[in-house]
Amino acid sequence: DLGEGRSLVVDHYCLRSDAHHGGPKLRNWELQGSLDGQTWHTLRAHKRDASLSSRSMGTAAWPVDAGAQAFRHFRIQQMNVNSSGKRHELTCAGIELYGRASFERPLA
């Protein structure tokens, strides 16, 4: 949640995996955005994406084509098993969103 009066048109994003070398990594997920925190829109879907390596705190980045739609809320929604091939455990140490921000209300 970026906060009231703030939104972002995402054009790229980056994920950082967990600190466990060889631990489970995301493979099937969606980046989703919402204006109200209730209705979600898929901004990018990943299926069997092995971009996040097995190393500790590995990172990967992807472009997003969301048009000119801005969102206030963002989430990662796991859609199937992780790299273990059997678990639905979502392990993620960080996310960075890049794009055009709008601040009707200034940052504190």
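**Notes on the predicted model: a sheet, two cysteines and a few residues**

1. Strand β1 (residues 6–16) pairs with β4 in the antiparallel sense, over five bridges. Two strands count as paired if DSSP finds at least two bridges between them. Strands themselves are DSSP runs (E, at least two residues), numbered from the N terminus. One pair to look up is R16, whose bridge partner in β4 is T59.

2. A word on where this comes from: it's a predicted model, where local features need pLDDT of at least 70 and side-chain atom pairs count only at pLDDT 80 or more, while totals for chains, interfaces and linings use all residues. Residues are numbered from 1 along each chain as its sequence is written, and side-chain values use heavy atoms, with hydrogens and water left out.

3. Now for β1's other partner. β1 and β6 run antiparallel and are joined by ten bridges, with L8 standing opposite A101 in β6. Put together, three strands make an open antiparallel sheet in the order β4-β1-β6. β4 and β6 (94–103) are at the edges with a single partner strand each, so one side of each has no neighbour in the sheet.

4. Which residues of β4 (residues 59–63) are buried? A60 and W62 are, and they point to one face, whereas T59, A61 and P63 point to the other and are not buried. Here, buried means under 20% relative accessible area, exposed means over 50%, and partly exposed is in between (1.4 Å probe, protein chains only).

5. Have a look at R48, in the loop between β3 (41–46) and β4. R48 has a positive phi of about 55°, though it isn't a glycine. In general, most residues other than glycine have a negative phi. R48 counts as exposed because its relative accessibility is 71%.

6. Are C14 and C92 bonded or apart? Their sulfurs are 9.1 Å apart, too far for a bond. A disulfide is taken to be a pair of cysteine sulfur atoms within 2.5 Å, and by that rule the count is zero. C14 counts as buried because its relative accessibility is 12%, while C92 is partly exposed at 33% relative accessible area.

7. Last stop: H73, in strand β5 (residues 73–78). H73 counts as buried because its relative accessibility is 13%. Leaving out residues up to four places away in sequence, H73 touches D1, Q32, G33, S34, L35, D36, G37 and W40. Contact means heavy atoms within 4.5 Å.

Note on methods: Helix = DSSP H or I, 4+ residues; strand = E, 2+ residues; numbered from the N terminus.
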